[in-house]
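Got the viewer open? Here is a short tour: select each stop as it comes up and take a look around.

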Amino acid sequence: MTERAAVEALIRDAYAARHRGDLDALMEYLHPDCSYRLAGGPQAAEVFAEPDGHSAVREQMAGLIATYAFSNIEELALTVDGDRATFHWRADVECKPTGRTGSFEVLDIFTIADGKVKSLTQFTDTAGVARLSMP
């Protein structure tokens, strides 16, 4: 398997775990020194917190899995360039606590280290995420 193919599989497998709500499997794909950022800023909504480290990211992912469910997931593009990758996708999202739904397009930027996701920054309609999430 080529390095590119391995990174593609890593990203697709991590997302499959996330979308089925399997926190333990998801965390297996993340580097011990991982970081996660949903671009937007923590003042807009709690979901925009920026955890660093496996434990903090695990806590954030547990909250995201408990809060958001995905359906109609469509991969638009996956590009790998060495230890960097981008993933463009869209899905319908339901905020479980509020029952609100919306369609979102997402662009994710990854850094890969030691065969795992070291950093992930997500770009999406953050105002839309906040609207789904606010009581």
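Is Tyr-15 buried or exposed? Select Tyr-15 and switch on a surface: this residue is buried, with a relative accessible area of 9%. Here buried means under 20% relative accessible area, exposed means over 50%, and partly exposed is what falls in between, using a 1.4 Å probe and protein chains only.

Some housekeeping before moving on. This is a predicted model, in which local features need pLDDT of at least 70 and side-chain atom pairs count only at pLDDT 80 or more, while totals for chains, interfaces and linings use all residues. Residues are numbered from 1 along each chain as its sequence is written, and side-chain values use heavy atoms, with hydrogens and water left out.

**Stop 1: the rings**

Searching the whole structure turns up five aromatic pairs. Rings of Phe, Tyr and Trp (its six-membered ring) pair if their centres lie within 6.5 Å; planes under 30 degrees apart are stacked, over 60 edge-to-face, and the rest tilted. Add Trp-89 to your selection: Tyr-15 and Trp-89 make an edge-to-face pair, 5.5 Å centre to centre with 70 degrees between the planes. That pair links distant parts of the chain, since Tyr-15 sits in helix α1 (residues 3–19) and Trp-89 in strand β3 (residues 84–95), 74 residues apart. Helices (H or I, at least four residues) and strands (E, at least two) are DSSP runs, numbered from the N terminus.

Trp-89 is buried too, with a relative accessible area of 2%. Now pick Phe-87: Phe-87 and Trp-89 are a stacked pair, 6.4 Å centre to centre and 25 degrees between the planes. Phe-87 has 6% relative accessibility and counts as buried. Show Phe-70 and Phe-110 as well, and you have the cluster: ring pairs link Tyr-15, Phe-70, Phe-87, Trp-89 and Phe-110.

**Stop 2: helix α1**

Select α1. Its 17 residues reach 24 Å from the first C-alpha to the last, close to the expected 24 Å at 1.5 Å a residue (the expected span is 1.5 Å times one less than the number of residues). Which residues of α1 are buried? They are Val-7, Glu-8, Leu-10, Ile-11, Ala-14, Tyr-15, Ala-17, Arg-18 and His-19. What covers them includes α2 (23–28), α3 (54–67), β2 (68–81), β3, β4 (101–113) and β5 (116–123). After α1 comes Gly-21, with a positive phi near 80 degrees.

**Stop 3: strand β3 and its neighbours**

In a regular strand the side chains alternate between the two faces of the sheet. Colour β3 by face to see it here: Ala-85, Phe-87, Trp-89, Ala-91, Val-93 and Cys-95 make up the covered face, and Arg-84, Thr-86, His-88, Arg-90, Asp-92 and Glu-94 the uncovered one.

Now show the partners. Two strands pair if DSSP finds at least two bridges between them. Eleven bridges join β2 to β3, which run antiparallel, and eleven join β3 to β4, also antiparallel. Try Ala-85 as a reference point: Val-80 stands opposite Ala-85, and in β4 the bridge partner of Ala-85 is Phe-110.

Follow the backbone round the turns. The β2–β3 hairpin has two residues between the strands, and Gly-82 in the turn has a positive phi of about 65 degrees. The β3–β4 hairpin has five between the strands, with Gly-99 in the turn at a positive phi of about 80 degrees.

**Stop 4: positive phi without glycine**

Jump to Asn-72 in strand β2. Asn-72 is not a glycine, yet it has a positive phi of about 50 degrees; at 58% relative accessibility, it counts as exposed. Then select Asp-114, in the loop between β4 and β5. Phi of Asp-114 is near 55 degrees, again positive in a residue other than glycine, and Asp-114 is exposed, with a relative accessible area of 70%.

**Stop 5: two strand residues**

Thr-79 lies in β2 and counts as partly exposed at 43% relative accessibility. Draw a distance from its C-alpha to that of Arg-4: the two residues are 75 apart along the chain, and the atoms are separated by 8.9 Å. Leaving out residues up to four places away in sequence, Thr-79 touches Arg-84, Ala-85 and Thr-86, where contact means heavy atoms within 4.5 Å.

Finish on Gln-122 in strand β5, which is buried, with a relative accessible area of 12%. What does Gln-122 touch, not counting residues up to four places away in sequence? Its contacts are Tyr-15, Tyr-36, Arg-37, Leu-38, Ala-39, Trp-89, Val-106, Leu-107 and Asp-108.
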